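User: I keep seeing words like "buried" and "edge-to-face" and I'd like to know how they are decided. Can we go through some?

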Amino acid sequence: MRHCLALDLKDDPAVIAEYEAYHRNIWPEVRAHLHAHGVTGMEIYRLGTRMVMLMETDDARYEADAMALASQNDPKIREWEALMWKFQAPTPWTPEGEKWVGMERIFEL
């Protein structure tokens with residue numbers, strides 16, 4: 001299944017550059033965590049401060065709630081998420097306490 005999520009970055013060119021540098025070489029633990037929870041592919045695009053993530057998942061293994069719980073229980077993933085949050089900001093439409101927000105598909109060909 002394909003998921004499309006949005007998130008903002010803080011509006012600072014140095015912050016954005018550092019965030020992108022981390023994503024050019026994500027931690028091996030993060031890559032392993034994603035794969036272990038059924039994420040088979042991921043792309044992140046940026047326009048200004050708005051980011052859009054396309055995530056492909058194996059429906060037989062991917063469960064968002066299970067992955068979120070595993071993330072909370074993994075010290076290295078918590079460390080990565082805390083580090084990334086220094087660069088990130090919720091969109092105006094993101095529910096309180098969330099980071100990424102799912103986007104609604106309005107067209108498909």
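Analyst: Let's take the aromatic rings, then a strand residue, then the helix contacts. This is a predicted model, where local features need pLDDT of at least 70 and side-chain atom pairs count only at pLDDT 80 or more, while totals for chains, interfaces and linings use all residues. Residues are numbered from 1 along each chain as its sequence is written, and side-chain values use heavy atoms, with hydrogens and water left out.

User: What makes Tyr-19 and Phe-87 an aromatic pair, and what kind is it?

Analyst: Rings of Phe, Tyr and Trp (its six-membered ring) pair if their centres lie within 6.5 Å; planes under 30 degrees apart are stacked, over 60 edge-to-face, and the rest tilted. By this rule there are 4 aromatic pairs. Tyr-19 and Phe-87 sit 5.9 Å apart, centre to centre, with 65 degrees between the planes, and that makes the pair edge-to-face. Tyr-19 belongs to helix H1 (residues 13-24) and Phe-87 to the loop between helix H4 (75-85) and strand S4 (88-89), 68 residues apart. Those elements are DSSP runs numbered from the N terminus: helices (H or I) have at least four residues, strands (E) at least two.

User: What about Trp-27 and Trp-80: which kind of pair do they form?

Analyst: Edge-to-face too, with 5.0 Å centre to centre and 70 degrees between the planes. Trp-27 is in the loop between H1 and helix H2 (28-36) and Trp-80 is in H4, so this pair ties together parts 53 residues apart in sequence. Tyr-19, Tyr-22, Trp-27, Trp-80 and Phe-87 form one aromatic cluster.

User: How do you know whether Trp-27 is buried or exposed?

Analyst: Buried means under 20% relative accessible area, exposed over 50%, and partly exposed in between (1.4 Å probe, protein chains only). Trp-27 has 17%, so it is buried. Trp-80, at 5%, is buried as well. Tyr-19 and Phe-87 are both buried.

User: Which residue lies over the face of Trp-27?

Analyst: Lys-76, at 4.7 Å from the ring centre. The rule asks for NZ of Lys or CZ of Arg within 6 Å of the ring centre and within 35 degrees of the ring normal.

User: Why does Met-55 count as buried or exposed?

Analyst: Met-55 has 4% relative accessibility, so it counts as buried. Its place is in strand S3 (residues 50-57). Leaving out residues up to four places away in sequence, Met-55 touches several others, including Met-1, Leu-5, Val-39 and Tyr-62; contact means heavy atoms within 4.5 Å.

User: Why are H2 and H4 called roughly parallel, antiparallel, perpendicular or oblique?

Analyst: Angles under 35 degrees are roughly parallel, over 145 roughly antiparallel, 65 to 115 roughly perpendicular, and the rest oblique. They run from 0 to 180 degrees between N-to-C directions, with axes fitted to C-alpha atoms, for helices over the stretch in contact. H2 and H4 pack at about 110 degrees, with axes 9 Å apart, so they are roughly perpendicular. Glu-29, Val-30 and His-33 of H2 meet Lys-76, Ile-77 and Trp-80 of H4.

User: And what makes the label for H1 and H4?

Analyst: Their axes come within 10 Å and cross at roughly 150 degrees, so H1 and H4 are roughly antiparallel. Tyr-19, Tyr-22 and His-23 of H1 touch Trp-80, Leu-83 and Met-84 of H4.
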